[in-house]
Amino acid sequence: MPARPALAVMESASLLDFLLSLPEPSDELQRAIHAAASWLARHAIADQHWHPQLRVLQAKAGAGPLWPRFAELNTNRPIFGDRDGELYYDVHQVSFERRQGYAWYTERPAPTLERYQRWRAAFNDAAK
């Protein structure tokens with residue numbers, strides 16, 4: 001199976017961090033920043049925990065937020081690939097070897113969203 005395009009959540013958070021650091025973003029860039037932060041906030045997974053030793057996603061009240069490493073274009077569903085070239089929608093269908101060797105879930109966007117909240121407040125104050 002050939003590679004398929006996907007939303008790369010960790011990389012998107014890093015790019016958003018860069019955009020948030022720009023001193024005078026244009027109106028268009030500000031709209032893009034708001035849209036990216038909104039996407040991350042809407043797709044945060046709550047009450048789930050990625051167990052680091054067992055490499056499974058488990059229900060856990062109060063856990064999160066957590067994001068999948070990749071999301072399918074158009075549907076935003078978490079997607080996972082394995083060495084067999086297949087695409088899966090459930091990380092537990094991926095071989096243990098691949099679950100162990102790859103960061104399928106991440107908390108990386110959480111500090112970016114916190115930074116966005118501070119940025120948004122600063123821009124709202126500056127606009128007054």
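The legends below describe close-up views of a predicted model.

**Figure 1. Overview of the predicted chain.**
The protein holds four helices and eight strands. Along the sequence, these elements follow the order β-α-α-β-β-β-β-β-β-α-β-α. Along the principal axes, the C-alpha atoms fill a box of roughly 55 × 35 × 20 Å. The protein has 128 residues, and buried residues make up 33% of them. The accessible surface comes to about 7,800 Å². Carbon and sulfur atoms account for 54% of that surface. Among contacts between residues at least 6 apart in sequence, 57% join residues at least 24 apart.

**Figure 2. Helix 1 against helix 2.**
Helix 1 covers residues 9-21, and helix 2 covers residues 27-42. The two pack at an angle of about 145 degrees. Their axes lie 10 Å apart. Helix 1 passes helix 2 in a left-handed crossing. Which residues of helix 1 make the contact? They are V9, L16, L19 and L20. Helix 2 contributes L29, I33, A36, A37, W39 and L40. By class, this contact of helix 1 with helix 2 has ten nonpolar residues, no polar residues and no charged residues.

**Figure 3. The hairpin of strand 2 and strand 3.**
Strand 2 spans residues 48-51, and strand 3 spans residues 56-59. The strands run antiparallel. Four bridges join them. W50 has L57 as its bridge partner in strand 3. H51 stands opposite V56, also in strand 3. Four residues lie between the two strands of the hairpin. One residue in the turn, R55, has a positive phi of about 60 degrees. Most residues other than glycine have a negative phi.

**Figure 4. The surroundings of V91.**
V91 lies in the loop between strand 7 (87-88) and helix 3 (96-100). Is V91 buried or exposed? V91 is buried, because its relative accessible area is 1% and the cut-off for buried is under 20%. What does V91 touch, leaving out residues up to four places away in sequence? The list is W50, L57, F80, R99, W104 and Y105. Two of these residues, W50 and L57, also appear in Figure 3, where they are bridge partners. A further reference point is F70, 21 residues from V91 along the chain. The C-alpha atoms of V91 and F70 are separated by 11 Å.

**Figure 5. The cis peptide bond from G64 to P65.**
This view shows the bond that leads from G64 into P65. The bond is cis, with omega near 5 degrees. Most peptide bonds are trans. P65 lies in the loop between strand 3 and strand 4 (67-68).

**Figure 6. N74 and N76 in the loop between strand 5 and strand 6.**
Strand 5 covers residues 70-72, and strand 6 covers residues 80-81. N74 is found in the loop between them. N76 is found in that loop too. What is the phi of N74? The value is near 75 degrees, which is positive in a residue other than glycine. For N76, phi is near 65 degrees, again a positive value in a residue other than glycine. N74 is exposed, because its relative accessible area is 81% and exposed means over 50%. N76 counts as partly exposed, at 24% relative accessibility.

**Figure 7. R4 and its contacts.**
R4 is found in the segment before strand 1 (6-8). R4 counts as partly exposed, because its relative accessibility is 43% and this class runs between the buried and exposed cut-offs of 20% and 50%. Which residues does R4 touch, not counting those up to four places away in sequence? They are E72 and L87. E72 falls within strand 5 (70-72), and L87 falls within strand 7 (87-88). R4 and G81 are 77 residues apart along the chain. Their C-alpha atoms are separated by 9.8 Å.

Key
Residues are numbered from 1 along each chain as its sequence is written. This is a predicted model: local features need pLDDT of at least 70, side-chain atom pairs count only at pLDDT 80 or more; totals for chains, interfaces and linings use all residues. Side-chain values use heavy atoms; hydrogens and water are left out. Axes are lines fitted to C-alpha atoms, for helices over the stretch in contact, and angles run from 0 to 180 degrees between N-to-C directions. A crossing is left-handed if the near helix is turned anticlockwise from the far one by less than a right angle, and right-handed if clockwise. Contact means heavy atoms within 4.5 Å. Ala, Val, Leu, Ile, Met, Phe, Trp, Tyr, Cys and Pro count as nonpolar, Asp, Glu, Lys and Arg as charged, and the others, Gly among them, as polar. Buried means under 20% relative accessible area, exposed over 50%, partly exposed in between (1.4 Å probe, protein chains only). Two strands pair if DSSP finds at least two bridges between them. Accessible areas come from the Shrake-Rupley method with a 1.4 Å probe; for residues, only the protein chains shown count as cover.
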